[in-house]
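This report concerns helix packing, nonpolar cores and aromatic pairs in the structure shown below.

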Amino acid sequence: MALQITQSCVNCWACVDVCPNDAIFQDTPHFLIDDGKCTECLGDHGVPQCAAICPIEMAIVDELGEFLNPPGR
Amino acid sequence: MELPVISNTPSESEGGGCSSSGCGTAPDALGHLPDHIRAKVQDHPCYSEEAHHYFARMHVAVAPACNIQCNYCNRKYDCSNESRPGVVSELLTPDQAIKKVLAVAAEIPQMTVLGIAGPGDPLANPGRTFETFEQLSARAPDIKLCVSTNGLSLPQYVDEIAKHNIDHVTITINCVDPEVGAKIYPWIYWENKRIFGIEGAKILIEQQQKGLQMLTDRGILVKVNSVLIPGVNDEHLKEVSKIVKAKGAFLHNVMPLIAEPEHGTYYGIMEQPEPTPEMLQDLQDACAGDMAMMRHCRQCRADAVGLLGEDRGDEFTLDKIDVMDVDYEAAMVRRKEVHDSIIEQLEAKRGNAKPKVEDLGIPAESRPVLMAVAGKNGVVAEHFGHAKEFLIYEASPAGVRFISHRKTELYCGGMDSCGDGDVVDAGATESLLDRNIRILEGCEVVLCSKIGYEPWAKLEAAGIAPNGEHAMEPIEDAVLAVYKEIAATGKLLPAVDSKKVA
Ligand code: SF4
Ligand code: SF4
Ligand code: SF4
């Protein structure tokens, strides 16, 4: 149960501040999610917070490789 | 003629970033403001066009995250509310930002204003933003602080804002009607959810309006920015203007939408039209009445340093700051001296009335004429093909006033070639030249120091009279002289010939 950040990420920090589990960390070339910490926000929030705030389409995927913010909204 | 050299000024900043002299605005552009507000803004480079020749501002980019999506923004770049799209600022930690501010303040004593404007929404980054403000209020109390926001989180941080030395807040308000808002903001991040469309826009609008009221109730100055989006909020902005003024915003600044497809914004990709310079000007006139205060606004980048229109950021990159050893106590003493001397000059200037046109025998019923000037440091100095922007002035029987900047794209690559009419790359040159002539729409004269044969002919064909006879003269004098010449032909009087000059 963990989400992942893709190469579309623009390193805007928005997800870092809203993650309830401190699961997101800075790395190069882009931020990453620690899959040991990410709970997909279950128990904390109704929707994954990183995906709710991320301004970039296709920057966050689930374990099946589905985009949480697919292109074209 | 302008810009007396300020002692201790690093030489690059002499003449500053603005190319217009006193920008031609009547000295009482701030005259309508209540005294306490006027006192606060008259020495502020962003609000007083007079002061912007003397005082400098800087931005630090400590706030990367944003909590809404605007259709004119691509988050690969800085917040488009505050800088031109396509710009990327160097992100700093609060500690790095403090270091940079102190270094700049010591080096450029004219720097009096520090803003946090991005690269995202400062209030979506409360930790980084307020830590920077907190440290600065403690360590550099002689610096005024300001912050800008999209307004979504504003109500919850008004108390925090009031605690620091922050006397100006800029809120970008593009609409007061959620249906209009839904066309500008696809979604917001609110209470741990993404909220789309009208519902999201409604919350954003409520928060903006509430925050605005809370700030003005506490006596904090609020400027409202709006982005003019043709066909979306153009007419609507007149209502926005009324409402924000009624709530106590001291200034409403209307900026043009920038929607280049290469920036990858929604509007850019959807080919949403940008406003023409004329549209912008009409709306600014219709909305505000106090736009004279902001006509010099250059939509600075989130890490801008220096006088408005110039950027000395390169002198203060992280590696350079690292080796600078700043004694801020000593710097503060020197800063005070420099500030006092600038204020003295400004006061002296404020006492000087500008020459009246009536004294020069221009009949009061003459119509106004718009002129574009390729100017630099207050004089007609630029070759037509080298001008990065034209300064638009209006001459009328009431006097000469500065209206706006219109940016060009350089079509002339070589330094001398086009002065003689040589055209290096005919294809590319052609279209850029045409484009530049198009931005001069509405102007009847263009003043420059020199102009090639080809642009001359094209300008004439477009009904704009090129004029190279006032090279190196102060802009306002030159504009007035040309206005007088036109007036002398009788062409400005209503009964006679209403055709364009040229
Ligand atoms: S899904 Fe939730 S827990 Fe996982 S990284 Fe995103 S915000 Fe953090
Ligand atoms: S919010 Fe999206 S774009 Fe921004 S850092 Fe997180 S994953 Fe990257
Ligand atoms: S508020 Fe600024 S950073 Fe956020 S989406 Fe709008 S323009 Fe971009």
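In this predicted model, helix H2 of chain B passes helix H3 of chain B in a right-handed crossing. H2(B) spans residues 94-107 and H3(B) residues 126-139; the two pack at an angle of about 35°, with their axes 9 Å apart. On the side of H2(B), the contact is formed by Pro94(B), Asp95(B), Ala97(B), Ile98(B), Val101(B) and Leu102(B). H3(B) contributes Arg128(B), Glu131(B), Thr132(B), Gln135(B), Leu136(B) and Arg139(B). Sorted by class, the residues of this contact between H2(B) and H3(B) are 6 nonpolar, 2 polar and 4 charged.

The largest nonpolar core has 53 residues. Within this core, the residues that touch the most other members are Val60(B), Met111(B), Leu114(B), Ile143(B), Ile161(B) and Leu215(B). H2(B) supplies the largest share of this core, with 8 residues. For Ile161(B), contacts beyond the neighbours within four places in sequence are made with Leu123(B), Phe130(B), Leu154(B), Ile166(B), Val169(B), Leu215(B) and Ile220(B). A second core, separate from the largest one, holds 23 residues, among them Cys66(B), Met255(B), Leu257(B) and Tyr267(B).

Over all chains, the structure holds 5 aromatic pairs. Two of them are described in the table.

| Aromatic pair | Centre to centre | Angle between planes | Class |
|---|---|---|---|
| Phe130(B) and Phe133(B) | 6.3 Å | 55° | tilted |
| Tyr266(B) and Tyr267(B) | 6.2 Å | 50° | tilted |

Why is the pair of Phe130(B) and Phe133(B) tilted? The planes of the two rings stand at 55°, and a pair counts as tilted when this angle is neither under 30 degrees nor over 60. Both residues belong to H3(B), where they lie 3 residues apart, about one turn of the helix. Ring pairs also join Phe130(B) and Phe133(B) with Tyr157(B) in a cluster.

Are the rings of these pairs buried or partly exposed? Phe130(B) has a relative accessible area of 5% and is therefore buried, the cut-off being under 20%. Phe133(B), at 0% relative accessibility, is likewise buried. In the tyrosine pair, Tyr266(B) counts as partly exposed because its relative accessibility is 37%, a value between the limits of 20% and 50%. Tyr267(B), by contrast, is buried at 3%, and this residue is included in the second core.

Definitions and conventions
Residues numbered from 1 in each chain as written. Chains lettered and ligands numbered in written order. Predicted model: local features only at pLDDT ≥ 70, side-chain atom pairs only at ≥ 80, totals over all residues. Heavy atoms only, no water. Axes fitted to C-alpha atoms, helices over the stretch in contact; angles between N-to-C directions. Helix = DSSP H or I, 4+ residues; strand = E, 2+ residues; numbered from the N terminus. Left-handed = near helix turned anticlockwise from the far one by under 90°. Contact = heavy atoms within 4.5 Å. Nonpolar A, V, L, I, M, F, W, Y, C, P; charged D, E, K, R; others polar. Core = buried A, V, L, I, M, F, W, Y, C linked by side-chain atoms within 4.5 Å. Buried < 20%, exposed > 50% of the residue type's maximum accessible area, 1.4 Å probe, protein only. Phe/Tyr/Trp six-rings, centres within 6.5 Å; stacked < 30°, edge-to-face > 60°.
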